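User: Please take a close look at one part of this model, the region around one helix and what packs there, and then follow the connections outward. I would like one connected account, with the residues named.

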There are 2 protein chains.
Amino acid sequence: MDGSSLSLIDIGDLHLKDSDGTRQQALFFAIRKKIVQGLWVKNGKLPSTRKLSQALNLSRNTVISAYEQLVAEGYLNSQKGSGFYVAVELPEQYLPEPNSVQRDSSPKTNFDINRAFAPGVPDLDAFPMAQWQKLLARHMSRTCLLGNQDIQGSWALRCALANYLASSRSVSCSPERIIITSGAQQALSIATMVTLKPGSKVLMEQPGYAQMRKLIQFQQYQFEPLYIREQLGFDVEAVTASNADALYVTPSNQYPMGTTLNTEQRGKIINWAVQQSRWIIEDDYDSEFRFDGPPLTSLQGLGGEDCVIYTGTFSRILHPSIRLGYLVLPHSLIEPFKTARHYFDGGLSLLPQLALAEFMACGQFTSHVRRMRKIYQQRRDRLNSLIETRFPHILERVESDGGMHSVYLLPDGYRDSDICDHAQQHNLGIRALSRFYADEQQQQGLVIGFAGYNETEMEKGLAALSKVLETTD
Amino acid sequence: MDGSSLSLIDIGDLHLKDSDGTRQQALFFAIRKKIVQGLWVKNGKLPSTRKLSQALNLSRNTVISAYEQLVAEGYLNSQKGSGFYVAVELPEQYLPEPNSVQRDSSPKTNFDINRAFAPGVPDLDAFPMAQWQKLLARHMSRTCLLGNQDIQGSWALRCALANYLASSRSVSCSPERIIITSGAQQALSIATMVTLKPGSKVLMEQPGYAQMRKLIQFQQYQFEPLYIREQLGFDVEAVTASNADALYVTPSNQYPMGTTLNTEQRGKIINWAVQQSRWIIEDDYDSEFRFDGPPLTSLQGLGGEDCVIYTGTFSRILHPSIRLGYLVLPHSLIEPFKTARHYFDGGLSLLPQLALAEFMACGQFTSHVRRMRKIYQQRRDRLNSLIETRFPHILERVESDGGMHSVYLLPDGYRDSDICDHAQQHNLGIRALSRFYADEQQQQGLVIGFAGYNETEMEKGLAALSKVLETTD
């Protein structure tokens, strides 16, 4: 950036409209308006987040979040250690149309990360940014000269991942058996498209991962619920008696209840799949974060090599915008999955894969996981003691051994969906437990993410939740 | 990289095995073996490509390609202006198992880019690498702090793309109507999954894009061929008389024959789709590279806004490992596509999208396209005159107005698939025209990519092709 063309932008008449959603969104729209109208000039330096938050009487996090959103959408550039600058003189048509403005303020999209207690959001402050940037810089000089890539994903990344999974998760694995995906969701969609056809029956935990259930319904597979009985997990006999074609399961940290299957239960399920020639889709989305012992042996590693399709994701461990996940396949499925991948998606950008491969190969990944595990355990304990103090008779915690969120049950008379709808207006990302069910056999509860939020943010969030609980009835 | 730990690696007894495929593959395996066995130490500097090519009596391109493959797979790092270095001390298990070694030397996978005349491979020497790296560097500091992203892809990229498509391709477009995909293939798979169901009939050009045909068959849609009559394109009446649910078409540069539809034909097709409520999937994969005039108006921009699903890709214009493409949707399909995207793939890595957004917004993209168009026109003409001189009675060019490859028909008595199988052993990426057909109504011909190859490479490639044609009968 040319230093001579910089001018410090005056806050002037920056006007936040109440109709523009949350404070953060109002600030986003106000700044964007200045930029697209040409009132704030190209390369102009914005006020520091500290200065602007004082001037407008906003929290500094609100200003940071608005600036980051403006960076994400191309209106601002950020320079490390220097500040934020107007990116380019965007023409008027860069302003989204009215329906997209609505989109930005719709509670269902984006920016969940800026809502306290959103489940699955990692602690981004703890991400080793400088190291990650070094790796990206090292690989970016050659990436674009590389030609058509491997349909299964970067070989280097698959080597590093095979190594990691074998040692940390007891997954029987070689790089040939891995396919790198754009995250857990793509892994699940390829897995179902190869192994199932319309009408196939899928057994799935209830409550469970809603996106998987919707995928099942979208693809016109039959859905058979497998009810979780708090603490006990599900009834393994319900699996072994089932004629389902496939079982989708989160054995090491049931999503969202956090129960685990013991070795005996795991053995029975594997026997069922082997003897009846059924597929198991094992979603191991965050078992890295088990606090009270090492991660449990995967179903895949416990004799399920030939019947288990094992999936995992990096978005929770690293950062959500990396969008990388993976599948570990039985040998018999490698070729069919490669074929399907060819037809459905020709592969992913190479640069993030190469950076991650080196991040793993040189040991930074495992030390990052170790560090996060400690932070998350402290945060889970902190959240729990704050909640016990504040809501002793309302929120009852479901015991669980790890993860990035906790589930709290509500007493009779509370509707979790009302609470969560209301909470979203207070910028809380808490989820309703009932939304994890396909049917009416619902427990009412709150799914509260703790991984991405420090103590101050938790206390602020719980103060907001307190107001919500008082006024929602 | 720590300069003090560098040691210059001696070529020593680098042994190329004839059983290891092409010279390039043999060199790749030989170097990899040295590295995984620990004989070439971490951070050791490799001999320059010039020195190694002289020592082993290989072409310099062969050495460069082998080095790049080693970089891609994580065995080497490259430092701009300095050279190549052993990346890390990889343990023994990093060696692929026997079946994967076979994979690397299988003609069907990867590294097509290193085979002369592969269609669709751009001129990577002309890619503005320094500028691209600057953009990546500018965005990488913030990318990983950004949370859950927009399921349609980066807003900034969609804004820049809408602008570009409106001005260069007359596509009716706003960012709300765009979905960023991992390339053309993902765009086509989402498009078919939303608009069709098993049993739906798809009308598709023959010869045509083989990956699309395979997707149709994989998804159990019915396939109806629409035969291309050389120069004339297809018979529009065959479309208007059809009861197909959707038409897949490449109107601006028929793939692979290079014919175009005129405005009258386009009007008839759009009328058919509007009146009969059918979908048109318009694949505009490389119409940027029309040489004899501006790109033709898209079907989508010619009144097809409500019935055309328009797709394009960046892999051909920029570089294949970027893996970005897009869909432009009728308003009525935006929500269904967003839903499907949610289920099939949670979105893509943000960094390459943000870099591309700025590359487009600041005008570098259009000047790159202009520059490539000139280079490719010269290369097409050069290829043609070289072929006319060398193979006057064998290869007859199919006239076409642009693109990145030319089609040459073969006289009776030649089987194109035999020639291409044989050509692959000579490291040529030429494709057999018959492979673009679903059935036996095939013309025999060669599909020869010219975009990625300079005059020297062309002459070398044609010398090899000459040998192939002499010995294949």
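Analyst: In this predicted model, the buried residues of helix 14 of chain B pack against three elements of chain B, namely strand 13 (431–432), strand 14 (445–449) and helix 15 (455–471). Helix 14 of chain B spans residues 416–425, and its buried residues are Asp416(B), Ser417(B), Ile419(B), Cys420(B), His422(B) and Ala423(B). Just after helix 14 of chain B comes Asn427(B), which takes a positive phi of about 65°.

One residue in a loop of chain B also reaches strand 14 and helix 15. Leu395(B) sits in the loop between helix 13 (364–390) and strand 11 (396–397) of chain B. Leaving aside residues up to four places away in sequence, Leu395(B) touches Ile387(B), Tyr408(B), Leu409(B), Leu410(B), Leu446(B) and Leu465(B). One of these, Leu409(B), is 14 residues from Leu395(B) in sequence, while the C-alpha to C-alpha separation is 5.7 Å. With a relative accessible area of 8%, Leu395(B) falls under the 20% cut-off and is therefore counted as buried.

For chain A, the geometry around helices 14 and 15 can be described in detail. Two packed helices are described by the angle between their axes and by the distance between the axes. Helix 14 (residues 416–425) of chain A packs on helix 15 (residues 455–471) of chain A at an angle of about 130°, and their axes lie 9 Å apart. Because of that angle, helix 14 of chain A is oblique to helix 15 of chain A. Helix 14 of chain A passes helix 15 of chain A in a right-handed crossing. On the side of helix 14 of chain A the contact is made by Ile419(A), His422(A) and Ala423(A), and on the side of helix 15 of chain A by Leu465(A), Val468(A), Leu469(A) and Thr471(A). Sorted by class, this contact between helix 14 and helix 15 of chain A has 5 nonpolar and 2 polar residues, and no charged ones.

Helix 15 of chain A has a further helical neighbour in helix 13 (residues 364–390) of chain A, whose axis comes within 11 Å of that of helix 15 and crosses at roughly 35°. Here, too, helix 13 of chain A passes helix 15 of chain A in a right-handed crossing. From helix 13 of chain A, the residues Arg379(A), Arg382(A), Leu383(A), Leu386(A), Ile387(A) and Arg390(A) meet Glu455(A), Met458(A), Glu459(A), Leu462(A), Ala463(A) and Ser466(A) of helix 15 of chain A. The contact of helix 13 with helix 15 of chain A has 6 nonpolar, 1 polar and 5 charged residues, whereas the contact of helix 14 with helix 15 of chain A has no charged residues.

The strands of this part of chain A form an open sheet of 4 strands in the order 11-12-14-13, with antiparallel pairing. Its edge strands, each pairing on one side only, are strand 11 (396–397) and strand 13 (431–432) of chain A. Strand 13 of chain A pairs in the antiparallel sense with strand 14 (residues 445–449) of chain A over 2 bridges, and Ala432(A) stands opposite Leu446(A) of strand 14 of chain A. Helix 13 of chain A, which meets helix 15 of chain A through the residues named above, also lies across strand 11, strand 12 (405–409) and strand 14 of chain A, running at about 25° to strand 12 of chain A.

As a setting for this part, chain A holds 15 helices and 14 strands, and 63% of its 473 residues count as buried. Among contacts in chain A between residues at least 6 apart in sequence, 71% join residues at least 24 apart.

Elsewhere in chain B there is an open sheet of 8 strands in the order 3-10-9-8-7-4-5-6, with mixed pairing. Strand 3 (178–181) and strand 6 (233–234) of chain B are its edge strands, each pairing on one side only. Helix 6 (residues 155–169) of chain B packs on this sheet, touching strand 3, strand 9 (308–313) and strand 10 (325–328) of chain B, and the direction of helix 6 makes about 110° with that of strand 3. Within the sheet, strand 8 and strand 9 of chain B pair in the parallel sense over 4 bridges, while strand 9 and strand 10 of chain B pair in the antiparallel sense, also over 4 bridges. Strand 9 of chain B is mostly covered, with 6 of its 6 residues buried.

Technical notes
Residues numbered from 1 in each chain as written. Chains lettered and ligands numbered in written order. Predicted model: local features only at pLDDT ≥ 70, side-chain atom pairs only at ≥ 80, totals over all residues. Heavy atoms only, no water. Axes fitted to C-alpha atoms, helices over the stretch in contact; angles between N-to-C directions. Parallel < 35°, antiparallel > 145°, perpendicular 65-115°, else oblique. Left-handed = near helix turned anticlockwise from the far one by under 90°. Contact = heavy atoms within 4.5 Å. Nonpolar A, V, L, I, M, F, W, Y, C, P; charged D, E, K, R; others polar. Pairing = 2+ DSSP bridges. Buried < 20%, exposed > 50% of the residue type's maximum accessible area, 1.4 Å probe, protein only.
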